[in-house]
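Visitor: I should like to study this structure with you, one question at a time. May we begin?

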Amino acid sequence: MKTSMKIAALAAVTVVFAGCASKPEKNADLTALRASVEEARAAAIQANQTSQQALALAQQNAAKIDRVFTKSQVK
């Protein structure tokens with residue numbers, strides 16, 4: 001959820017700067033900004049995927065621990 005907000009904020013910044021870039025000399029700055037925003041977006045997507053994988057692994061480990069605990073209580 002936080003990642004989505006960050007991506008939306010970066011997109012908003014890009015739109016604001018795109019509206020301000022009416023002069024040709026600012027187009028180079030705008031292009032660099034867009035590249036930076038795209039890199040940040042890619043990094044945010046990668047971080048989100050990594051966190052989802054970590055969460056899935058943690059949930060699997062918790063389930064394993066619960067099964068072992070339950071087995072020890074039955075004996």
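Visitor: Which side chains meet in a salt bridge?

Guide: Please bear in mind that this is a predicted model. A salt bridge requires a nitrogen of Lys or Arg within 4 Å of a carboxyl oxygen of Asp or Glu. One pair has its N and O at 3.6 Å, and the side chains that meet there are those of E38 and R41.

Visitor: How many salt bridges does the count come to by this rule?

Guide: The rule sets a cut-off of 4 Å between the nitrogen and the carboxyl oxygen. The pair E38 and R41 has a distance of 3.6 Å. By this rule the count comes to one salt bridge.

Visitor: Why are E38 and R41 separated by about one helical turn?

Guide: An α-helix has 3.6 residues a turn, so residues three or four places apart point the same way. Both E38 and R41 belong to helix 2, which covers residues 27-74. They are separated by about one helical turn because their spacing in helix 2 is three residues.

Visitor: What is the relative accessible area of R41?

Guide: Partly exposed residues lie between the cut-offs of 20% and 50%. E38 falls in this class at 45% relative accessibility. R41 is partly exposed as well, and its relative accessible area is 37%.

Visitor: What distance separates the C-alpha atoms of E38 and T14?

Guide: E38 has its place in helix 2. Along the chain, E38 and T14 are 24 residues apart. Their C-alpha atoms are separated by 9.7 Å.

Visitor: Which residue's backbone oxygen does the side chain of T70 reach?

Guide: T70 is found in helix 2 and is partly exposed, with a relative accessible area of 46%. Its side chain comes to 2.8 Å from a backbone oxygen. That oxygen belongs to D66.

Visitor: How far does helix 2 reach from its first C-alpha to its last?

Guide: Helix 2 has 48 residues. At 1.5 Å a residue, the expected span is 70 Å. The model is close to this value, for helix 2 reaches 70 Å.

Visitor: Which residues of helix 2 are buried?

Guide: To count as buried, a residue must have under 20% relative accessible area. Of the 75 residues of the protein chain, 7% count as buried. In helix 2, the buried residues are L30, V37 and A44.

Notes: Residues are numbered from 1 along each chain as its sequence is written. This is a predicted model: local features need pLDDT of at least 70, side-chain atom pairs count only at pLDDT 80 or more; totals for chains, interfaces and linings use all residues. Side-chain values use heavy atoms; hydrogens and water are left out. Helices (H or I, at least four residues) and strands (E, at least two) are DSSP runs, numbered from the N terminus. Buried means under 20% relative accessible area, exposed over 50%, partly exposed in between (1.4 Å probe, protein chains only). A polar contact is a pair of N or O atoms within 3.5 Å; within protein, one must be able to donate a hydrogen and the other to accept it, and residues adjacent in sequence count only if both atoms are side-chain atoms. The expected span of a helix is 1.5 Å times one less than its number of residues.
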